[in-house]
There are 2 protein chains.
Amino acid sequence: MTPLALETNLIERIALGDLLRRRSRDTANKTAMVSYSEHGRSTVTYKELNQLSNQLVRGLREQGMVQGDSLALLATNSIEFFAVLFACYKGGFIAIPINFLQAVTDIHYNLSKANVKAVVCEPRFAPLTVDDSLTNISIRVSIGDSEGLTLAQLAAGQDSHDIDDIIIHDRDTAHIIFSSGTTSKPKGVETSHLSMYMASLSNPLSFGFNKYDSQLAVLPTFHCASLSICIMTLQLGGKLVLLPQFEPLNVARVLEAEQIQSTALLPVMWQALLALPNLKQFDFSQLTTGLYGMAPMPASSRRQLKAAFKNCRFHLVSGQSEFTPFSCTFYDDSDTEFDDANYWGVPSMITDQAILDEQGNELPPGQQGEICWRGPLVMNRYLDDVDASRKIREHGWHHTGDLGFIDNCGQLVFVDRKKDMIKSGGENVASVKVEQVLLSAPSVVQVAVFGVPHARWSEAVCAAVQIAPGQPFNEADIIQYCKARLAGFEVPKRIVSVETFPVTATGKIQKSTLKSQYEALFDE
Amino acid sequence: MTPLALETNLIERIALGDLLRRRSRDTANKTAMVSYSEHGRSTVTYKELNQLSNQLVRGLREQGMVQGDSLALLATNSIEFFAVLFACYKGGFIAIPINFLQAVTDIHYNLSKANVKAVVCEPRFAPLTVDDSLTNISIRVSIGDSEGLTLAQLAAGQDSHDIDDIIIHDRDTAHIIFSSGTTSKPKGVETSHLSMYMASLSNPLSFGFNKYDSQLAVLPTFHCASLSICIMTLQLGGKLVLLPQFEPLNVARVLEAEQIQSTALLPVMWQALLALPNLKQFDFSQLTTGLYGMAPMPASSRRQLKAAFKNCRFHLVSGQSEFTPFSCTFYDDSDTEFDDANYWGVPSMITDQAILDEQGNELPPGQQGEICWRGPLVMNRYLDDVDASRKIREHGWHHTGDLGFIDNCGQLVFVDRKKDMIKSGGENVASVKVEQVLLSAPSVVQVAVFGVPHARWSEAVCAAVQIAPGQPFNEADIIQYCKARLAGFEVPKRIVSVETFPVTATGKIQKSTLKSQYEALFDE
């Protein structure tokens, strides 16, 4: 590393740590974050956050961390989460935000696969990170009081000036987020500084956000969507308000008290807000952008939301860890061909969106194929998985693994996960379509449709349903209901009743688990 | 080049040609440009512009152009200018937008220095590109009817599909703009795809532009500022309205007729609009953002403008070819320490701005030094000038060559070009400060202040002034006027009257020419 190469890198690079340094220069004393926790409300300015992250880089170096080492982070939405994250970005350590809601074996798998050297976590999560197999972990730091080294001790006495002694390349891996593993072993998704930096500029253009907008983050920041929104807010010099968990009344209070302009929630969370008996007593006049994701929202719910939050527009955002969110958006009041469909909308400004057939040919509107994207939001690669990394980039496009088509208004309609399509008697059945019909059936509150091996149909359409408390479950009635609304080959051959579903930490139903559980359903 | 490398590049790269392809996908039939010329009003959609540029790539290849070759472009603001520019971006040809208002010797210098292989120009500019020394030019294409190959012929019959057979790296040079040479031989500034792409995302965030804003471009598109605004408008999928020259009444008509939301003009142009007798008859209610650059505007003019354009906010934008515009902005209604100063404002979201002393130390607010920037908007290098490219990046910062300081509100104040500072009797005199006093003197309409060698003071402060038509010029009176308003060492020792000033094609006064012209003023 010559001095000239270092100087050139400092000038021209795209590195996530630099965005915090820039805001620390031009909006130094503005509140960067407000964090609510059991200890109350705490705040940090851009200058303070920047200085703390610089101190943490030096503290971590003193403990033996060098550029390229991995650091796992287990923390709820908090100022500390971002101080450590930016320390990683600045020091060139690879941040591994860990989903602490996962099964402990999955956590160990993440830590082992990423060859983690340092673990920084809230005391309650510390036991989840201990296993005889995790021999590479040599540094353990506790967020908050604990017997060992604490985050405060790590920072104490360290120089708070900016880090200017390492070279960071645009496409160096900034962090790794492990996929939730709905269908296979979790994969580590390597995201570059460049991808997240580009998302932090294209997302505000997509949503019409300006400098200094205030954002409430309730979805966990270890998830790519929440992370992307948070970093965008810091890029804009906005106020990021953090809540460690969703509790409808508390969210309503914070939306009002912090004069929040935008927040992203799951559809069920928006619906829980709507169900608050005292909703009308709150002043939500500042809220202008409501984002929702992970699932579609029926048109009726959208209408209710718009009546309750009068100044607010509601957009569905989509993406995946492999393609830094958000790659596409279904905007409020979009022109569409169909009244109610699983719309994903139009691509972000810096993304191409196309439907490809198996041979890599682009398909015209109306024809169903795999949803593919191109653009700088794409991941670097899957960690230590050359084959999967290559396969996902066939034909010069990033393959999402999702099936869909583009309607005559140019809007993308999602059909199903490619792996969740059921091949029954030579016909393709979209599990999502069958699920929507089942959800509209009386007493059904939650559903998952999946294929089960069958001697005659190759796969048989099956459903697991959760019935409303106190209501009876009658398989024949529900099958009859479906027959009136679906093609014969789409009607479930069997419907089973379940109390709960196997879900990933982000709330996605694990169909692979259900498939294994019921794989012998049609055995003689 | 392996197939995999090509596929990966197509997916993840940042390349300017891709932005046109993306808009051609998602806003295909929207008007991309409206061009006014002596032939009337013509328009092009995003799809048409994209297809034309693809055809031009193939036409140019057929003529022998390969990736890395240089193409000079001499054209007024027009659809053809951008069709050729994007053909270069897509084909990996290096575009050289030539300032056709330069002296013909400078044009030859540009063409020779950039080793130009193809020239595409309007017929009237063709003679400017012919010289015995320009032996590398093997392809000549005419925009409009001419004896040789025309642009229409170049495109005719070519495949209009997107170009997908070459690798373009983020930091490949996209175009070279030659500096205007106020103080030295013009330098070729190499700008990367990445820099201009980043500017196209950060500029709209700076100005609060949304998708589909309409922009009027009157400033010549061979200039970095105008080019940057135009490419941003295309990135946003907006309507770009092009005028080949500034004529106040015509600009007012187009602003109204095209419902323009934003335009960038020189301060003298805004003032010419204000002077229109029938200004109040126009409906400018759509105009919300007025940009001005190259020179400050007195507070009184800004007030007049805001009264005349009621819905419009006026921002001063700054930058330089070496740091893709806009690196900083002085926003309307900014809080400032001084009422009227040469404010350049705050840096763009993706730029650090600092004042450095000669040793590279950052200076605190109030202290004067060199204005320095960091960030991905920085140029790649000066063409074939390793020493100058290295010198401008000393101490890990891009050096602008401008002097200034940051006020107590965090706003950058421009003091003078470093090279225009006059060292007189051991004191530093800012030519800009003296010019502002002279401009306020009765009858003075234009002024340039410069240093001339002097036996006693080393340099003597001198001024060239242009006097309003019909008014007398009295050197002693003006010197007296200055004495009442400036420190003794700042008062010009001599003031000369001139009819016109030597200017660059973008309207900057060439002080180096004046200095040479008057270098013997104090000789005995």
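This passage describes how chain A and chain B meet in a predicted model, from the symmetry of the pair to the salt bridges between them.

The model is predicted, and local features require pLDDT of at least 70 while side-chain atom pairs count only at pLDDT 80 or more, whereas totals for chains, interfaces and linings use all residues; side-chain values rest on heavy atoms, with hydrogens and water left out. Residues are numbered from 1 along each chain as its sequence is written, and chains are lettered from A, and ligands numbered from 1, in the order in which they are written.

Superposition by least squares on the C-alpha atoms of residues with pLDDT of at least 70 in both copies lays chain A on chain B with an RMSD of 0.1 Å, by a turn of 180 degrees and a shift of 0.0 Å along the axis. The two copies are thus related as by a two-fold rotation axis, and in chain A the C-alpha nearest to this axis, at 3.1 Å, belongs to A:Leu201.

With contact taken as heavy atoms within 4.5 Å, 50 residues of chain A touch 50 residues of chain B. Since 100% of the interface residues of chain A are also interface residues in chain B, the copies meet through the same surface. The two chains bury about 4200 Å² between them, 55% of it on carbon and sulfur atoms, where buried area is the accessible area (1.4 Å probe) that two parts lose on being put together, summed over both.

Polar contacts (pairs of N or O atoms within 3.5 Å, one able to donate a hydrogen and the other to accept it within protein, with residues adjacent in sequence counted only if both atoms are side-chain atoms) join 28 residue pairs between chain A and chain B, both residues being at pLDDT 80 or more. Helices (H or I, at least four residues) and strands (E, at least two) are DSSP runs numbered from the N terminus; the elements giving two or more residues to the side of chain A that touches chain B are helix 1 (3-12), helix 2 (16-26), helix 7 (193-207), strand 17 (352-356) and strand 18 (369-374) of chain A. Helix 7 of chain A gives the most, with seven residues.

A salt bridge is a side-chain nitrogen of Lys or Arg within 4 Å of a carboxyl oxygen of Asp or Glu, and by this rule twelve cross the interface of chain A and chain B, while the structure holds 53 over all chains. A:Arg21 is bridged to B:Asp352 with the closest N and O atoms 2.6 Å apart. B:Asp352 lies in strand 16 (residues 352-356) of chain B and is buried, with a relative accessible area of 0%, buried being under 20%, exposed over 50% and partly exposed in between (1.4 Å probe, protein chains only). The side chain of B:Asp352 also makes a polar contact of 3.4 Å with that of A:Arg25.

In the other direction, B:Arg21 forms a salt bridge with A:Asp352, with the closest N and O atoms 2.6 Å apart, and this pair crosses from helix 2 (residues 16-26) of chain B to strand 17 of chain A. B:Arg21 counts as buried at 4% relative accessibility, as does A:Asp352 at 0%. Within chain B, B:Arg21 is further bridged to B:Asp18 at 3.0 Å between the closest N and O atoms; both lie in helix 2 of chain B, three residues apart, about one turn of the helix.
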